[in-house]
Amino acid sequence: MDNGPYLVKGAVDLQDGAGNSYDVSDKNIIALCRCGASGNKPYCDGTHKSNGFSGDDRAA
């Protein structure tokens, strides 16, 4: 989403940079933080709405 999180749909294997896995098997859609300020990383908690985050790049 422009100026917001990456929305990921479908079955995925979510891992952080250290290889730690997150169980998202019960989720159809997940919102991943892009602003870096979420209190619930790696998930978006809406903080981007109040911290002035701007970004319109697309995931490949």
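This passage describes the fold, the cysteines, the charged pairs and two selected residues of a predicted protein model.

The protein contains four strands and zero helices. Read from the N terminus, the order of its elements is β-β-β-β. The C-alpha trace spans about 30 × 20 × 20 Å along its principal axes. Of the 60 residues in the protein, 17% are buried. The exposed surface amounts to about 4300 Å², and carbon and sulfur atoms supply 46% of that area. When contacts between residues at least 6 apart in sequence are considered, 39% of them join residues at least 24 apart.

A search for disulfides across the whole structure returned zero. C33 takes part in no disulfide, and the nearest cysteine sulfur to it, belonging to C35, is 3.9 Å away. That separation leaves the pair outside the definition, because a disulfide requires sulfur atoms within 2.5 Å. C44 is likewise in no disulfide; here the nearest cysteine sulfur is that of C33, at 6.1 Å. In terms of solvent exposure, C33 has a relative accessibility of 22% and therefore counts as partly exposed. C44, with a relative accessibility of 24%, is also classed as partly exposed.

The charged side chains comprise 6 positive and 8 negative charges, and the mean positions of these two sets lie 6 Å apart. Side chains of opposite charge can pair when their charged atoms come close. Two salt bridges are present in the structure. One of them joins the side chains of D26 and K27, with an N to O distance of 3.5 Å. Within this pair, D26 is exposed, at 58% relative accessibility, whereas K27 is partly exposed, at 40%.

Another salt bridge links D57 to R34, and the closest N and O atoms of this pair are 2.5 Å apart. Both D57 and R34 lie in the segment after strand 4, so the bridge ties together parts that are 23 residues apart in sequence. The two partners fall into separate exposure classes: D57 is partly exposed, at 42% relative accessibility, while R34 is buried, with a relative accessible area of 15%. The value for R34 falls in the buried class because that class covers residues under 20%.

H48 is found in the segment after strand 4, a strand that covers residues 29-32. Its relative accessibility is 12%, so H48 counts as buried. Leaving aside residues up to four places away in sequence, H48 touches N3, G4, P5, C35 and F53. C35 thus appears both among the contacts of H48 and as the residue carrying the cysteine sulfur nearest to that of C33.

K9 is located in strand 1, which consists of residues 6-9. In contrast to the buried H48, K9 is exposed, with a relative accessible area of 63%. With residues up to four places away in sequence again excluded, K9 touches N28 and I29. I29 falls at the start of strand 4, given the range 29-32. K9 and H48 are separated by 39 residues in sequence, and their C-alpha atoms are 20 Å apart in space.

Note on methods. Residues numbered from 1 in each chain as written. Predicted model: local features only at pLDDT ≥ 70, side-chain atom pairs only at ≥ 80, totals over all residues. Heavy atoms only, no water. Buried < 20%, exposed > 50% of the residue type's maximum accessible area, 1.4 Å probe, protein only. Helix = DSSP H or I, 4+ residues; strand = E, 2+ residues; numbered from the N terminus. Contact = heavy atoms within 4.5 Å. Areas by Shrake-Rupley, 256 points an atom, 1.4 Å probe, with all protein chains shown as cover. Lys, Arg positive; Asp, Glu negative; His and termini not counted. Charge placed at Lys NZ, Arg CZ, Asp CG, Glu CD. Salt bridge = Lys/Arg side-chain N within 4 Å of Asp/Glu carboxyl O.
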